[in-house]
Amino acid sequence: MAGIKISNMEECAGCLLCMMACSFSNTGSFGLADAKIQVDRIYKQNRYRVTVSDDCLECGRCVEYCHFGILSEGEE
Ligand code: SF4
Ligand code: SF4
């Protein structure tokens with residue numbers, strides 16, 4: 001299915017812009033809890049795990065705001 005593709009996850013900066021963009025796009029306000037994409041810091045490491053929820057709307061807004069090339073639109 002079409003969706004948000006995650007690649008080079010080790011390059012994720014943990015900036016959370018994707019989460020902020022997602023929540024604002026979908027609710028009109030900034031709220032990490034409302035994001036359909038999740039960025040979690042891996043325990044005791046400066047690396048992050050990025051996951052997209054099943055209820056992602058595939059709007060592509062998070063892709064626009066990821067400046068590290070982690071997110072793209074395409075086949076999962
Ligand atoms: S594609 Fe849209 S709904 Fe899905 S995670 Fe990205 S911003 Fe959120
Ligand atoms: S996936 Fe991109 S926008 Fe989201 S936290 Fe990582 S670097 Fe930032």
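Guide: Ala, Val, Leu, Ile, Met, Phe, Trp, Tyr, Cys and Pro count as nonpolar, Asp, Glu, Lys and Arg as charged, and the others, Gly among them, as polar. This is a predicted model, in which local features need pLDDT of at least 70, side-chain atom pairs count only at pLDDT 80 or more, and totals for chains, interfaces and linings use all residues. Residues are numbered from 1 along each chain as its sequence is written, while chains are lettered from A and ligands numbered from 1 in the order in which they are written.

Visitor: How do the residues of the shell around ligand 2 divide?

Guide: A residue is near a ligand if its C-beta atom, placed from the backbone, lies within 6 Å of it. The shell around ligand 2 splits into 14 nonpolar, 1 polar and no charged.

Visitor: Which elements give two or more residues to the shell around ligand 2?

Guide: Elements are DSSP runs numbered from the N terminus: helices (H or I, at least four residues) and strands (E, at least two). Of the 15 residues around ligand 2, the closest are Cys12, Cys15, Cys18, Cys66 and Phe68. Two or more shell residues come from helix 1 and strand 3.

Visitor: Which element gives the largest share of the shell around ligand 1?

Guide: Nearest to ligand 1 are Cys22, Ile37, Cys56, Cys59 and Cys62. At least two shell residues each come from helix 1 (17-27) and helix 2 (61-65). With 4 residues, the largest share belongs to helix 1.

Visitor: Which element gives the most to the largest nonpolar core?

Guide: Such a core joins buried Ala, Val, Leu, Ile, Met, Phe, Trp, Tyr and Cys through C-beta atoms within 7 Å; buried means 20 or more other C-beta atoms within 10 Å of a residue's own, all placed from the backbone. This core has 15 residues, with Cys18, Met19, Cys22, Ile37, Cys62 and Leu71 making the most contacts inside it. Helix 1, strand 2 (37-41) and strand 3 (48-52) each give two or more. The top contributor, with 4 residues, is helix 1.

Visitor: What is the bridge partner of Val39 in strand 3?

Guide: Strands pair if DSSP finds at least two bridges between them. Strand 2 and strand 3 pair in the antiparallel sense over 5 bridges. In strand 3, Val39 is bridged to Val50.

Visitor: What is the radius of gyration of the chain?

Guide: The chain runs β-α-β-β-α-β along the sequence. The globule rule (2.2 Å times the number of residues to the power 0.38, with the radius taken over C-alpha atoms) gives 11 Å for 76 residues. The chain's value is close to that, so the chain is as compact as a globular protein of that length, at 12 Å.

Key
Buried ≥ 20, exposed ≤ 12 C-beta atoms within 10 Å, placed from the backbone.
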